[in-house]
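Work through the following exercises with the model at hand. Each task is followed by a solution that proceeds step by step.

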Amino acid sequence: QVQLVQSGGGLVQAGGSLRLSCAASGSTFGDYVMGWFRQAPGKEREFVADIRRLGRVTSYADSVKGRFTISRDSAKNTLYLQMNSLKPEDTAIYYCAARYSGLTDFRSWGQGTQVTVSS
């Protein structure tokens, strides 16, 4: 099973940008669909974006479409989330996750990283 370690995040003003990273180890990175999720205070965890194994197909939640970009670097076994035009409602703990190809659920999760957007 793949292990995921996140970095990035922090405090930024509305309109600013941040990049999250998620380093994978312990298994073949290319075997996994990778995703980002977030959980705001008092709310359930929600899907943000995912990227297929070869990196050619991505999908996004409507709330982040056009502002966030998910990408992966197979040479570095790393997943990224570039977040631009951040809004206060983007404030949440962000988690990266991995879904083994052929399975329907994400079973490996990063430790989470806080993103806070001030108005």
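**Exercise 1. Determine the handedness of the link between Cys22 and Cys96, and state which parts of the chain this link ties together.**

Step 1. The link of Cys22 and Cys96 is right-handed, with 60 degrees about the S-S bond. The model is a predicted one, in which local features need pLDDT of at least 70 and side-chain atom pairs count only at pLDDT 80 or more, while totals for chains, interfaces and linings use all residues. Residues are numbered from 1 along each chain as its sequence is written, and side-chain values use heavy atoms, with hydrogens and water left out.

Step 2. The distance from S to S in this disulfide is 2.1 Å, where a disulfide is defined as a pair of cysteine sulfur atoms within 2.5 Å. The structure holds 1 disulfide.

Step 3. Cys22 lies in strand E3 (residues 18-25) and Cys96 in strand E9 (residues 92-100), so the pair ties together parts that are 74 residues apart in sequence. Helices (H or I, at least four residues) and strands (E, at least two) are DSSP runs, numbered from the N terminus.

Step 4. Cys22 is buried at 0% relative accessibility, and Cys96 is buried with a relative accessible area of 0%. Here buried means under 20% relative accessible area, exposed means over 50%, and partly exposed lies in between, with a 1.4 Å probe and protein chains only.

**Exercise 2. Find how many aromatic pairs there are, and describe the geometry of Tyr32 with Tyr100 and of Phe37 with Phe47.**

Step 1. The count comes to 4 aromatic pairs, under the rule that rings of Phe, Tyr and Trp (its six-membered ring) pair if their centres lie within 6.5 Å, planes under 30 degrees apart being stacked, over 60 edge-to-face and the rest tilted.

Step 2. One of these pairs is Tyr32 with Tyr100, which is edge-to-face at 5.3 Å centre to centre and with 80 degrees between the planes. This pair links distant parts of the chain, since Tyr32 is in strand E4 (residues 32-39) and Tyr100 is in strand E9, 68 residues apart. Tyr32 is buried, with a relative accessible area of 7%, whereas Tyr100, at 40%, counts as partly exposed.

Step 3. The ring centres of Phe37 and Phe47 are 5.8 Å apart and their planes stand at 75 degrees, so this pair is edge-to-face. Phe37 belongs to strand E4 and Phe47 to strand E5 (residues 46-51), 10 residues apart. Phe37 is buried at 12% relative accessible area, while Phe47 is partly exposed at 29%.

Step 4. Through ring pairs, Phe37, Phe47, Phe106 and Trp109 are linked into a cluster. Over the face of Phe106 lies Arg99, at 5.6 Å from the ring centre; a charge sits over a ring if NZ of Lys or CZ of Arg is within 6 Å of the ring centre and within 35 degrees of the ring normal.

**Exercise 3. Place Arg72 in its strand, and then describe the hairpin of E7 and E8.**

Step 1. Strand E7 (residues 68-73) has a covered face made of Phe68, Ile70 and Arg72, and an uncovered face made of Thr69, Ser71 and Asp73. Arg72 lies over the face of Phe29, at 4.3 Å from the ring centre, and its bridge partner in E8 is Leu79.

Step 2. E7 pairs with strand E8 (residues 78-83) in the antiparallel sense over 6 bridges, where two strands pair if DSSP finds at least two bridges between them.

Step 3. The hairpin has 4 residues between the strands, and in it Asn77 takes a positive phi near 50 degrees, although Asn77 is not a glycine. Asn77 is partly exposed, at 27% relative accessibility.

**Exercise 4. Which residues have the most contacts inside the largest nonpolar core, and which elements give two or more residues to this core?**

Step 1. A nonpolar core is a set of buried Ala, Val, Leu, Ile, Met, Phe, Trp, Tyr and Cys residues joined through side-chain atoms within 4.5 Å. The largest one has 29 residues, and those with the most contacts inside it are Trp36, Leu81, Met83 and Tyr94.

Step 2. The elements that give two or more residues to this core are E3, E4, E5, E7, E8, E9 and strand E11 (113-118).
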